[in-house]
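Q: Hi! I'd like to go through this model with you, starting with the metal sites. Could you have a look?

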Amino acid sequence: MRYHIDTIPVWDALKLNGECPLCALRRKVELMDVDRYLGASVMEPDTRLQVNEKGFCQRHQKLLTEKKNKLGHALMMHTYLKTTMKKTDAAFDAAINGAKGDAGTPVFKRMRGKGGGKEEILKAAQALRALSSTCILCDSIEDNMQRYTYTLLHLYQTDASFRKAFAASRGVCLKDAAGLMEMAAAEMSGSMLQDFITDLCNATRKSLVKLEGDLEGFTLKFDYRNADKPWGDSKDALERTVTKLRSWCIGEEPNPK
Ligand SMILES: [Zn+2]
Ligand SMILES: [Zn+2]
C-alpha cells in the first residue's frame, strides 16, 4: 500500500515529547475534521451522501455539539435521520414478520428449534446495531492515521535523526503500537524491521515503567504525611497513564494552541 507522505506533522508530533505522537496527530486531525464537517463541505453533495450513510458516533456528536453550530448539526442529522428511517423501516418490518412467523409455528416444531422467525428477528437486531455504530468522522480519522503511521515508518527508514529521536522518545500508546507493528510487519523486513520493533517496544516499555512510578507518586501525594514531598513528574501521571493505555482522551490537549 502506498500513502501520501507528509513528514513535517510527524516530526512536529514527535518533538512534543508526549506519551504518543500518533495520538497528538489523531487529535489534530479530529479537530480539523469536526470543523470541516460543520463548515462548507457539509453542503457538498458527496459529503452529504456519506454522512447520510454513516452518521456520527457518540464521541463525535459531542464534539459537533461543542462547536455551537446547531443549525449545521441539525441539517446533517435531519437528512441522516431520513436515510436511516428507510433502513429502520426494513428492519422493523423484518422483525415483526419474524415474530409473526414464530407465533404461527406449531409448539412441537418450535420446541425442536424448527421453523419460527427468530433468525429474522436476530438479523433485524444486527441491522439496527450496525446503524448505531458507524461514524464518518471515525473513518476519516482512521484513513489519516494510516497515512501518518506509514509516514512514521518511512521517516524511521530514511532519516537517521528521526530514528535516533524515536528511540529516545516515550514510544507510543498501546493502540498505536499495535498499528505500527502491523504496518511495520507489512512494509519492512530484515534488520530494519528488527531495529524498528526493538526501538518501539523498548521506548514504550521504558515509558510504562516510568509511568508506574509517577502514578504511584501521584497516589502517595494524597497522604497528608506527603504533603510537602515534591510532585516530581507525578502531577499529570494519571492523564499520561490513560493516554498510554487507552490513547489520548483526557487531560491537556496534546497539541499546543
Ligand atoms: Zn496513541
Ligand atoms: Zn466517531
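Q: What arrangement do the 4 donor atoms around the zinc ion (ligand 2) make?
A: The arrangement is tetrahedral, because the 4 donor atoms subtend angles of 98 to 118 degrees at ligand 1 and, for the zinc ion you asked about (ligand 2), angles of 100 to 113 degrees. Four donors count as tetrahedral if all angles lie between 85 and 135 degrees. Before we go on, this is a predicted model, where local features need pLDDT of at least 70, side-chain atom pairs count only at pLDDT 80 or more, and totals for chains, interfaces and linings use all residues. Residues are numbered from 1 along each chain as its sequence is written, chains are lettered from A and ligands numbered from 1 in the order in which they are written, and side-chain values use heavy atoms, with hydrogens and water left out.

Q: Thanks! Which residues coordinate the zinc ion (ligand 2)?
A: Cys-57 (SG), His-60 (ND1), Cys-135 (SG) and Cys-138 (SG) do, at 2.0 to 2.3 Å. Donors here are N, O and S atoms within 2.8 Å of the metal (3.2 Å for Na, K and Ca), and water is not among the atoms, so sites may look incomplete. Along the chain these donors follow the spacing C-x2-H-x74-C-x2-C. His-60 lies in helix H4 (residues 58-66) and Cys-138 in helix H8, so the pair ties together parts that are 78 residues apart in sequence. Helices are DSSP runs of H or I with at least four residues, numbered from the N terminus.

Q: Are His-60 and Cys-138 buried or partly exposed?
A: His-60 counts as buried at 2% relative accessibility, while Cys-138 counts as partly exposed at 32%. Buried means under 20% relative accessible area, exposed over 50%, and partly exposed in between (1.4 Å probe, protein chains only).

Q: And what are the protein donors of the zinc ion (ligand 1)?
A: They are Cys-20 (SG), Cys-23 (SG), Cys-173 (SG) and Asp-176 (OD), lying 2.0 to 2.3 Å from the ion. The donor residues are spaced C-x2-C-x149-C-x2-D in sequence. Cys-23 in helix H2 and Asp-176 in helix H10 (residues 174-187) link distant parts of the chain, 153 residues apart. Both Cys-23 and Asp-176 are buried, and Cys-20 counts as buried at 6% relative accessibility.

Q: With those cysteines around, how many disulfides are there?
A: The count comes to 0 disulfides, a disulfide being a pair of cysteine sulfur atoms within 2.5 Å. As for Cys-201, its sulfur is 14 Å from the closest cysteine sulfur, in Cys-173, too far for a bond. Cys-201 is partly exposed, at 27% relative accessibility.

Q: OK, switching to helices. What span should H2 have?
A: At 1.5 Å a residue, the 18 residues of H2 (residues 21-38) should span 26 Å, and the end C-alpha atoms are 26 Å apart, which agrees. The expected span is 1.5 Å times one less than the number of residues. H2 is mostly covered, with 13 of its 18 residues buried.

Q: What covers the buried residues of H1?
A: The cover includes H2, H8 and helix H9 (160-167), where contact means heavy atoms within 4.5 Å. In H1 (residues 7-15), the buried residues include Pro-9, Val-10 and Trp-11. Just after H1, Asn-17 takes a positive phi of about 60 degrees.

Q: What does Thr-149 touch?
A: Leaving out residues up to four places away in sequence, Thr-149 touches Leu-22, Gly-179, Leu-180 and Met-183. Thr-149 sits in helix H8 (residues 136-158) and is buried, with a relative accessible area of 9%.

Q: Last topic: how many salt bridges?
A: The count comes to 17 salt bridges, each being a side-chain nitrogen of Lys or Arg within 4 Å of a carboxyl oxygen of Asp or Glu. One of them joins Asp-6 and Arg-147 (3.8 Å, N to O). Asp-6 lies in the segment before H1 and Arg-147 in helix H8, so the pair ties together parts that are 141 residues apart in sequence.

Q: Which salt bridge sits in helix H11?
A: Lys-210 and Asp-214 meet in one (2.9 Å, N to O). They are 4 residues apart in helix H11 (residues 190-220), about one helical turn. Lys-210 is partly exposed at 40%, whereas Asp-214 is buried at 9%. Salt bridges that share partners join residues including Lys-210, Asp-214, Asp-233 and Arg-240 into one network.

Methods: Helices (H or I, at least four residues) and strands (E, at least two) are DSSP runs, numbered from the N terminus. Four donors count as tetrahedral if all angles lie between 85 and 135 degrees; four count as square planar and six as octahedral if opposite donors are over 155 degrees apart and all others between 65 and 115; anything else is irregular.
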